[in-house]
Amino acid sequence: MTSRSMKKVTLFTRERCHLCEVAHDALERVRARLPFELAVVDLDREAGPEKRALYDWEVPVVELEGRKIMKYRVDEQRLERLLSSQE
């Protein structure tokens, strides 16, 4: 990775969501190999109305630099490719 700032990944989650926990664990595994900034946003308590409307039935949702790249599950290899390709 270049000396520019780290890429930002956002995980939209909600309480008592097993798939959200699995997605968070997967993101942490990728982050251990390929560092990035991770923001975890509770869809019901912290997200704005536009994100709630978009993602209400899709959690967990992963955004990379503000663009939705995954929902329901994290494909670790795909995430690594996307992080590496956005230099």
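I count a residue as buried when its relative accessible area is under 20%. I keep in mind that this model is predicted.

**Entry 1: Glutamate 63**

I looked up the accessibility of glutamate 63 and found a relative accessible area of 4%. That value falls under the 20% cut-off, so I noted glutamate 63 as buried. I then asked which strand holds glutamate 63. My answer is strand 3, which covers residues 61–64.

**Entry 2: Its surroundings**

Next I checked the side chain of glutamate 63 for a polar partner, and I found tyrosine 55, with a polar contact of 2.6 Å between the two side chains. I also listed the contacts of glutamate 63, leaving aside neighbours within four places in sequence. Among them are Lys8, Val9, Thr10 and Phe12, along with Lys51, Lys68 and Ile69.

**Entry 3: The sheet**

I moved on to the sheet and asked in what order its strands lie. I read 2-1-3-4 for this open sheet of four strands, and the pairing is mixed. Strand 2 (37–42) and strand 4 (67–71) are the edge strands, each pairing on one side only. On average, I found neighbouring strands turned by 25° against each other, with direction ignored.

I followed strand 1 (residues 8–13) to strand 3 and saw that they run antiparallel, joined by four bridges. For valine 9, I noted leucine 64 as the bridge partner in strand 3.

**Entry 4: The helices on the sheet**

Helix 1 (residues 18–33) packs on the sheet and touches strands 1, 2 and 3. I noted about 165° between its direction and that of strand 1. Helix 3 (residues 76–85) also packs there, touching strands 1, 3 and 4, and its direction makes about 165° with that of strand 4.

Technical notes: Residues are numbered from 1 along each chain as its sequence is written. This is a predicted model: local features need pLDDT of at least 70, side-chain atom pairs count only at pLDDT 80 or more; totals for chains, interfaces and linings use all residues. Side-chain values use heavy atoms; hydrogens and water are left out. Helices (H or I, at least four residues) and strands (E, at least two) are DSSP runs, numbered from the N terminus. Buried means under 20% relative accessible area, exposed over 50%, partly exposed in between (1.4 Å probe, protein chains only). A polar contact is a pair of N or O atoms within 3.5 Å; within protein, one must be able to donate a hydrogen and the other to accept it, and residues adjacent in sequence count only if both atoms are side-chain atoms. Contact means heavy atoms within 4.5 Å. Two strands pair if DSSP finds at least two bridges between them. Axes are lines fitted to C-alpha atoms, for helices over the stretch in contact, and angles run from 0 to 180 degrees between N-to-C directions.
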